[in-house]
Amino acid sequence: MLEEIRIRGLGVIDDAALDLAAGLTVVSGETGAGKTMIVQGLGLLTGGRADYGLVRPGVERAFVEGRLVIPADSAVAARVRDVGGDLDDDPGGAVLVVGRTLTSEGRSRAQVAGRSVPASVLGEIAEELIAVHGQSEAQRLLRPSTQRMALDRFAGDAVAEPLARYGVVHADLHRVSRALAEITERSREREQEAELLRLGLAEVERVEPSAGEDVALDAELSRLEHAETLVRAARTAHAALMSDPASGSDDPGAGDLVSAARRVIAGDSDLDAELAALGARLTEVGMLLTDVAADLASYAEGIDADPVRLADAQERKAALTALTRAHGTDIDGVLAWADQAGRRLLEIDGAGDSAETLTARRDELTVELARLAAAVSAARTAAAERFGAAVAAELAGLAMPRARVQAAVTQRDDPAGLPVGERVLAFGPSGVDEVELRLIPHPGAPARPVQKGASGGELSRVMLAIEVVLAAADTGSTMVFDEVDAGVGGRAAVEIGRRLARLARTHQVICITHLPQVAAFADRHLVVHKADDGSVTRSGVITLDDAGRVRELSRMLAGQEDSTLARGHAEELLAAAAADKSRP
């Protein structure tokens, strides 16, 4: 139950608070006194769209806060705790404080039990507790999509449960169908890609390169192409190191000279340790020169000057070069590409299997979706009959005793749609049904859409009847009606008050009204007055006592609080309403 709502800086409201109670609370006041801002504030508390133009000129921010009492063990209380909110204890349950702040700079902030949350979370929590039924919602009920949602809301779990499962299956079917369509549309592209990959892999397999082969082959080619030069250099260097009598030269080599120097020092090395150390070093140099000379001789002997091998290496080099140029990289890069290409080719070759799997899955989901669509449609059709009867019962009490309202549940054929039974139907996220509310104003008259088959006054009563029926089906404990009685008067106005009072036996009902016939049924009557500067402050929201109610109803009846006739009529209305409410 909503115990209090405080509004600051919103429209004409400077700073005002409304103390609310169980039963039917009526809010009245002169036109422009700020009653609409109360509904706007409640809309903000239920997660409604932020209209920053409502921030009162001259202030930085507008603020709306609501204090509710909820069962401590309810699902709403659990959700509040999930978002980190703190609930205060109350003899009647738990106290939940929710708030919404708008700034003149265009910023919005929502609070739930002391915790800042997104407005969507505030709406999710508040919509379980407060249901706002206003003129704008009545106009939305004229839209086919809203009419379908209204019927679903009235039907309750009978539609909600299969519809929830339908939504999941519909989303899965959409995803699978998109994936299958993508595979099908790209089949030619994949075939072309696969052909190019096969050609490239065939060329790599033909050449059969090995890792680093191009680098090693370059080194071998260099030796083969310059074999004579390399042999000559090695032999010349060898001759410079070691003398070779077979060559016909008597010139000593570097090794011979080092050996001679070592022998000279060796004769006197025992005379001085430092000289002996130098002799040892000459010995090491001589050994190193001998090793290098041997390696040079071995190198010269190992140089292959075979022209056949040179031709083979050049041919292999040409094959590798063609391969690397085709791929724009070296042989290691070619081998990496071949590895990736092989894996991609496996993926492409497996796409056929994927398409078959997706097709089978699509067919399974289609069958399941058709079954659920039929279940939802049957539940809607059954609820439509009850809905029409409930609305007709309300209309009987609103001076339209012979009127009937039909909730027509129909389907539209679509060759590309969903096979349901013997038909193929258009379908969407909400099923295969189109729902239209139709009015039969009197027996024998044709059923027409409510927006076309009712006059202005009749439309207001039809919308109110629908609102009352839907409100009775709402799970929220607080119902807010914003001038849904507009365009109604006389006996119908009395019946509106009677129905709101009856609804208030099981719900907290807050009604913004201009009709004294409705206000007479209130359990609590609040009146909103503007201050001299045009704003509404705390002192401008007054809870009326019995005498105050008589004066306010007199004003609403005749525009004069002190009119004797108006006061008499007001007292009569209050007495009649009290007697009516006392009946079981």
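**Helix 19, a cavity and two charged residues in a predicted model**

Q: At the start of helix 19, which residue has a side-chain oxygen that reaches to the backbone nitrogen of alanine 547?
A: In this predicted model, the start of helix 19 has a side-chain oxygen placed within 3.3 Å of the backbone nitrogen of alanine 547. The residue that supplies this oxygen is aspartate 545.

Q: How many Å does helix 19 reach from its first C-alpha to its last?
A: Helix 19 runs over residues 546-558 and so has 13 residues, for which 18 Å is expected at 1.5 Å a residue. The reach from the first C-alpha to the last is close to that expectation, at 18 Å.

Q: Which elements are included in what covers the buried residues of helix 19?
A: The buried residues of helix 19 are Gly548, Arg549, Val550, Glu552, Leu553, Ser554, Arg555 and Met556. What covers these buried residues includes two strands and two helices, namely strand 3 (24-29), strand 17 (524-528), helix 18 (516-519) and helix 20 (564-582).

Q: Which residue just after helix 19 takes a positive phi?
A: Helix 19 covers residues 546-558, and just after this helix the backbone takes a positive phi of about 75°. The residue with that angle is glycine 559.

Q: What classes of residue make up the lining of the largest cavity?
A: A search of the whole structure finds one cavity of 30 Å³ or more, and about 30 Å³ of space lies in the largest cavity. Its lining is formed by Leu2, Ile5, Leu18, Leu20, Val27, Ile38, Leu42 and Ile510, with strand 1 (2-10) and helix 1 (35-45) each supplying at least two of the lining residues. By class, the lining has no charged and no polar residues, but eight nonpolar ones.

Q: Is glutamate 213 buried or exposed?
A: Glutamate 213 has its place in helix 8 (residues 213-225), and, leaving aside residues up to four places away in sequence, touches Glu208, Arg316 and Leu320. Because its relative accessibility is 17% and the cut-off is under 20%, glutamate 213 counts as buried.

Q: Is arginine 49 buried or exposed?
A: Arginine 49 is found in the loop between helix 1 and strand 4 (61-70). Its relative accessibility is 70%, and since the cut-off is over 50%, arginine 49 counts as exposed.

Q: What separation is there between the C-alpha atoms of arginine 49 and proline 307?
A: Along the chain, arginine 49 and proline 307 are 258 residues apart. In space, their C-alpha atoms are separated by 88 Å.

Definitions and conventions: Residues numbered from 1 in each chain as written. Predicted model: local features only at pLDDT ≥ 70, side-chain atom pairs only at ≥ 80, totals over all residues. Heavy atoms only, no water. Helix = DSSP H or I, 4+ residues; strand = E, 2+ residues; numbered from the N terminus. Buried < 20%, exposed > 50% of the residue type's maximum accessible area, 1.4 Å probe, protein only. Contact = heavy atoms within 4.5 Å. Polar contact = N/O pair within 3.5 Å; in protein donor to acceptor, adjacent residues only side chain to side chain. 1 Å grid on protein atoms, 1.4 Å probe; cavity = no way out; pocket = protein on both sides within 12 Å on 5 of 7 lines; lining within 4 Å. Points joined across faces, edges and corners; volume = space filled by probe spheres on them. Nonpolar A, V, L, I, M, F, W, Y, C, P; charged D, E, K, R; others polar.
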